[in-house]
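Work through the exercises below with the model open beside you. Try each task before you read its solution.

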Amino acid sequence: MIKTECIADHVKLNGKIYPCTVSMAMDLIGGKWKTVILYHLKTNPKRYSELLREMQTVTEMTLSLQLKQLEKDGLIIRKVYGKKPPIKVIYSLTDFGKTLIPTLDAILAWGNQIAEQSGSFADPSKI
C-alpha cells in the first residue's frame, strides 16, 4: 500500500517544495510556539496582549514573528479595527486554521497523558 506522502517525490504548497506531507505540516505548525498560539486561538479570537499574557514565557519578538508567519501561511487572520491609535488588532483562526482543531485537541490529550503518567502538574508560582 502506498502512503499518501509517497504518491509523488515532493509536495508543493505556497511556492515551497517539501519532501513529504509531514515535512510540510511541520513547517506550518512546527517549532516551540506556533501550535501553542493556534491552541490559544482555537476557541476565541484574541488580542496580541491577551496571547502574550496567556503564553507567559514567550517573548514579544517571538510572538510577533510567529503570528506573522502563521498569518502568511493562512492559518490565522489579523483584523485591524480603527485607523488612528489606539487601534485594536484581533487574531483568529482562518477556516484553514480551524481544520487543525482536532489535531490541537489530540496534542492536548497526549500532553495531559504524559503529565499524568510521567510528570506532574505544577503551579509556577510555587516552583
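The exercises go from the whole chain to single residues.

This is a predicted model, in which local features need pLDDT of at least 70, side-chain atom pairs count only at pLDDT 80 or more, and totals for chains, interfaces and linings use all residues. Residues are numbered from 1 along each chain as its sequence is written, and side-chain values use heavy atoms, with hydrogens and water left out.

**Exercise 1. The overall layout**

Task: State how many helices and strands the protein chain has, and give their order.

Solution:
- Step 1. Use DSSP runs: helices are H or I with at least four residues, strands are E with at least two, and both are numbered from the N terminus.
- Step 2. Count them: the protein chain has 6 helices and 5 strands.
- Step 3. Read along the sequence: the pattern is β-β-α-α-β-α-α-β-β-α-α.
- Step 4. Add the dimensions: the C-alpha trace spans about 55 × 45 × 25 Å along its principal axes.

**Exercise 2. An enclosed helix**

Task: Which residues of H2 are buried?

Solution:
- Step 1. Fix the classes: buried means under 20% relative accessible area, exposed over 50%, and partly exposed in between (1.4 Å probe, protein chains only).
- Step 2. Look at the whole chain: 27% of its 127 residues are buried.
- Step 3. Turn to helix H2, residues 34-41: 6 of its 8 residues are buried, so the rest of the structure largely encloses this helix.
- Step 4. Name them: Lys34, Thr35, Ile37, Leu38, His40 and Leu41.

**Exercise 3. The core**

Task: Which residues have the most contacts inside the largest nonpolar core?

Solution:
- Step 1. Define the core: it is a set of buried Ala, Val, Leu, Ile, Met, Phe, Trp, Tyr and Cys residues joined through side-chain atoms within 4.5 Å.
- Step 2. Pick the largest one: it has 22 residues, and Ile37, Leu38 and Ile76 have the most contacts inside it.
- Step 3. Find the suppliers: H1, H2, helix H4 (60-72) and strand E5 (88-93) each give at least two residues to this core.
- Step 4. Zoom in on Ile37: leaving out residues up to four places away in sequence, Ile37 touches Met55, Leu63, Gln66, Leu67 and Leu70 (contact means heavy atoms within 4.5 Å).

**Exercise 4. Salt bridges**

Task: How many salt bridges does a search of the whole structure find?

Solution:
- Step 1. Recall the principle: side chains of opposite charge can pair when their charged atoms come close.
- Step 2. Apply the cut-off: a side-chain nitrogen of Lys or Arg lies within 4 Å of a carboxyl oxygen of Asp or Glu.
- Step 3. Search: there are 3 salt bridges.
- Step 4. Take Asp27 and Lys16, at 3.0 Å from N to O. Asp27 is in helix H1 (residues 21-29) and Lys16 in strand E2 (residues 16-18), 11 residues apart.
- Step 5. Take Lys42 and Asp105, at 2.4 Å from N to O. Lys42 lies in the loop between H2 and strand E3 (46-47) and Asp105 in helix H6 (residues 101-118), so the pair ties together parts 63 residues apart in sequence.
- Step 6. Take Lys46 and Glu54, whose closest N and O atoms are 3.9 Å apart. Lys46 is buried at 9% relative accessibility, whereas Glu54 is partly exposed at 37%.

**Exercise 5. Unusual backbone**

Task: Where is Asn14 found, and which residues does a cis peptide bond join?

Solution:
- Step 1. Know the rule: most residues other than glycine have a negative phi, and most peptide bonds are trans.
- Step 2. Check phi: Asn14 is not a glycine, yet has a positive phi of about 50°.
- Step 3. Place Asn14: this residue is in the loop between strand E1 (11-13) and E2, and is exposed at 58% relative accessibility.
- Step 4. Check omega: a cis peptide bond, with omega about 0°, joins Pro85 and Pro86. Pro86 sits in the loop between strand E4 (76-81) and E5.
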